[in-house]
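Here are my notes on the model you sent, set out as numbered points so that each can be checked against the coordinates. I begin with a detail of the backbone and then turn to the overall form and the ligand.

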Amino acid sequence: MPLSSYPEKVDITNCDKEPIHIIGKSQSHGVIIACDRKDLVITQIGENSDEFFGIHYDELLSKPLSSLIGSEKAEMLTSVKNVEDSPEVREVNINDRDFIMKPHISGESLILDFEPADSDYNHYEYQRQLSSILSTLGASETPEDLCADVAKITRDIFGYDRVMVYKFDEEWNGEVIAEEKAEELESWLGLHYPASDIPKQSRNLFMKQRVRIIADVDYHPVSIVPELSPINNIPLDLSRSELRGVSPIHIEYLKNMKVGASLTAALISNGKLWGLLACHHYSAKYINYYHRQTCEFLTQIFSNELSLKETNRYIGKLEEWESIRGDLVTQIESEGKIKKGLAEQEVLFTDLMECEGGAIILGGKMRLVGKTPPKKYVKKLANEFLADQGNSVFFTKNLSRSYKPAEEFRDTASGILSVKLGRSNKDFLMWFRPQVVQNVTWGGNPDKMANFDEDKQRITPRKSFEKWTQKLTGVSNPWLDYQISAAKAIRESLSNIILEKQKIKIDRLNKQLLEAHDELELFSQGLSHDLKAPLRGIDGYAHILKEDHYHNLEREGQQAVDIILSSTREMQELIDNILSFAGVSGQSLDKGIFSVNHLVEDILESFNVKTNYPRTKIIMEKDLPHMMGDKRMIMQVWSNLITNALKYSEKEENPEIEIGATGIEGRTTYYIRDNGIGFDPKHKTAIFDLFSRFSNDNFKGTGIGLAIVKKIMEKHNGKIWAESEPGKGSTFYFHV
Ligand code: ADP
């Protein structure tokens, strides 16, 4: 929800959200005017207009802007439509005084910053400064030299008492990495400042408004009236106004530091806020618009040079690790083993970046290289911590902060960069860095950065800037962008190798499986044949018993004979089914065209359906389309499906079977429907598997019939499927 106005009270709870962009005040070295961007009528204005223009603000409100700056200058602003359009800065004369007028669009308003134009502006001097900036910064060799040079040239040009280059770390704490200062001042070089000193919203504003001055910390904030814009009743967004008033907390902070004026400029590298050029003066100091332009130019050149130097450094490293990565991949390929190729050859994966040791965990096995925590710790780290990290790349310079047990092995792994290999959450490649014990000197105790002031009812910045040294343990050197890229790249290569290996393994397994399957078929065929002879013997003798000696047997003996006979029948059926299942694969197709009606009638007759299933009504569509296929095999299909339909509907009140054909997927599709017991649709694929049965013991069977059907359909490149619901009958469809 947008804030409706700048809050009266900024306290501990909202200080990081202090909405300084809608502060509603300007600094006192100029006047802010806001107009309706559509008709350029003045809607809001600084109360100090009288002091600069000699006209009271009341007289200007609701008047056309042209009445102040003249219609010619106002005309030039009317074409402003888009926020992107940054109208040019112009000089205007108001009541015999020259002003710089700097316009920009903010929401529905056109905001104009007016500052008196300084008469001492000198073109020649300006040119000289620009060329000196270009030559000095262009000549700096390393990023470190560049920082020292920018501090020096800034102080030379602008004359601030102290100029610092302030660099952010990953957590937005800052460090003074270069400094130029008046001799008598104490040096702040190397001092660290906590992230709260330059809160997030200030950092965001620096990306929009890159150079910012506070001309006099003792200035009286000038109210802009009315507070809310009459256009839309919301406060004016002053994010891009150079005259925007300063946060009272920041003013207090500067006063506590005894600073009288400041200039701060954003230092940007590769599109990100990299640091700040911070200038302090110990009395009031105003830098006019043109000089601020020079400063913006200077930081622009600095940013370009910095990006260039960092990119060059990156490219240098990139070439280095690209060649190491190539070597590693070659080693793996020639070794055929990933762990060996990475950790036991001339080039080690730990050579990829500055580190003291590393670990590979792959397929449940671990290999350690160099200085590392003991195996059991690395294993725990992988299972209990790294496996839970969402990203495939994880890095930190302070492992024990997010993973407490790491305190045990700070000397080997305070810093860790790890990548997940493949898709598994168990395979990792890791690089370790030991802690580097550092004495960090803060500009004041970082634990006492702010206090809550009861009288002011708001947060007040710290008063003490006494140096405060802290011994930092458990922290390694940071992982740099190009090192993280190197880790990602090797992960990519390894994942490809792993996938390739898995594919080879799967292909091999597939081949073995096919061989095993063929063998099994041969075996079952042989076995069934071998079983048939003894079975015939058992069956024959059981019949002799039944026919000749039945009456001599007791009741129990008679039952036993009956069971032997029915069991041999079942066994016979099973063997026949197995033989026919195994037989299907070996046979080649002998295709022809035949009448389905005739085929089904033959089957029904052979089943003696009228006698065996007298209650079952069978309806067959007349003139079913002819079929093309191996007639003997297709007969087996129909026969198995009809057997099932008869069997599973037999116990219904009015069993009924319907046989017909329809068009599905543009093909002639035959179906056989019964009104029997049906089955759970979740088994509709499994019923076609060998030996899978889903009916209860009331229905005898072997679980082979549909497996044979499926196999025959596959041989014909056809398709079979079933639809059913328990108690609602089943329909089997197929086409070849
Ligand atoms: P079975 O010898 O058990 O009938 P099948 O391979 O022919 O073996 O069928 C496998 C399973 O599919 C059966 O056990 C049964 O659960 C189910 N099934 C097959 N056809 C039907 C049908 N028409 N109605 C209900 N269930 C059927």
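1. In which loop is the place of Asp96? In this predicted model, Asp96 is found in the loop that runs between β4 (90-94) and β5 (97-106). The residue deserves a look on a backbone plot, since its phi is near 65°, which is a positive value in a residue other than glycine.

2. A second backbone feature concerns the peptide bond that joins Val225 and Pro226, which is cis, with an omega of about -10°. Pro226 itself belongs to the loop between β11 (222-225) and α8 (248-256).

3. As to the overall form, the protein is built with 19 helices and 29 strands. Its radius of gyration is 44 Å, whereas a compact globule of 736 residues would have one near 27 Å. Taken along the principal axes, the box filled by the C-alpha atoms is roughly 135 × 65 × 50 Å, and a figure of the whole protein should be framed with those dimensions in view.

4. Where does the ligand sit? It occupies the second largest pocket of the protein, and 19 residues surround it there, the closest being Asn644, Tyr648, Arg693, Thr702 and Leu706. By residue class, the shell around the ligand divides into seven nonpolar, nine polar and three charged residues.

5. Turning to the elements behind this shell, α18 (631-649), α19 (705-715) and β29 (730-735) each supply at least two of its residues. The element that gives the most to the shell is α18, which contributes three residues.

6. The polar contacts of the ligand involve both side-chain and backbone atoms of the protein. A nitrogen atom of the ligand lies 2.9 Å from an N or O atom in the side chain of Asp674. On the backbone side, a polar atom of Thr702 is 2.9 Å from an oxygen atom of the ligand, and a backbone N or O atom of Gly705 is 3.4 Å from an oxygen atom of the ligand. Of the 520 Å² of accessible area that the ligand has on its own, the protein covers 97%.

Conventions: Residues numbered from 1 in each chain as written. Predicted model: local features only at pLDDT ≥ 70, side-chain atom pairs only at ≥ 80, totals over all residues. Heavy atoms only, no water. Near = heavy atom within 4 Å. Polar contact = N/O pair within 3.5 Å; in protein donor to acceptor, adjacent residues only side chain to side chain. Areas by Shrake-Rupley, 256 points an atom, 1.4 Å probe, with all protein chains shown as cover. 1 Å grid on protein atoms, 1.4 Å probe; cavity = no way out; pocket = protein on both sides within 12 Å on 5 of 7 lines; lining within 4 Å. Sits in = over half its atoms within 2 Å of the grid points. Helix = DSSP H or I, 4+ residues; strand = E, 2+ residues; numbered from the N terminus. Nonpolar A, V, L, I, M, F, W, Y, C, P; charged D, E, K, R; others polar. Rg over C-alpha atoms; globule rule 2.2 N^0.38 Å.
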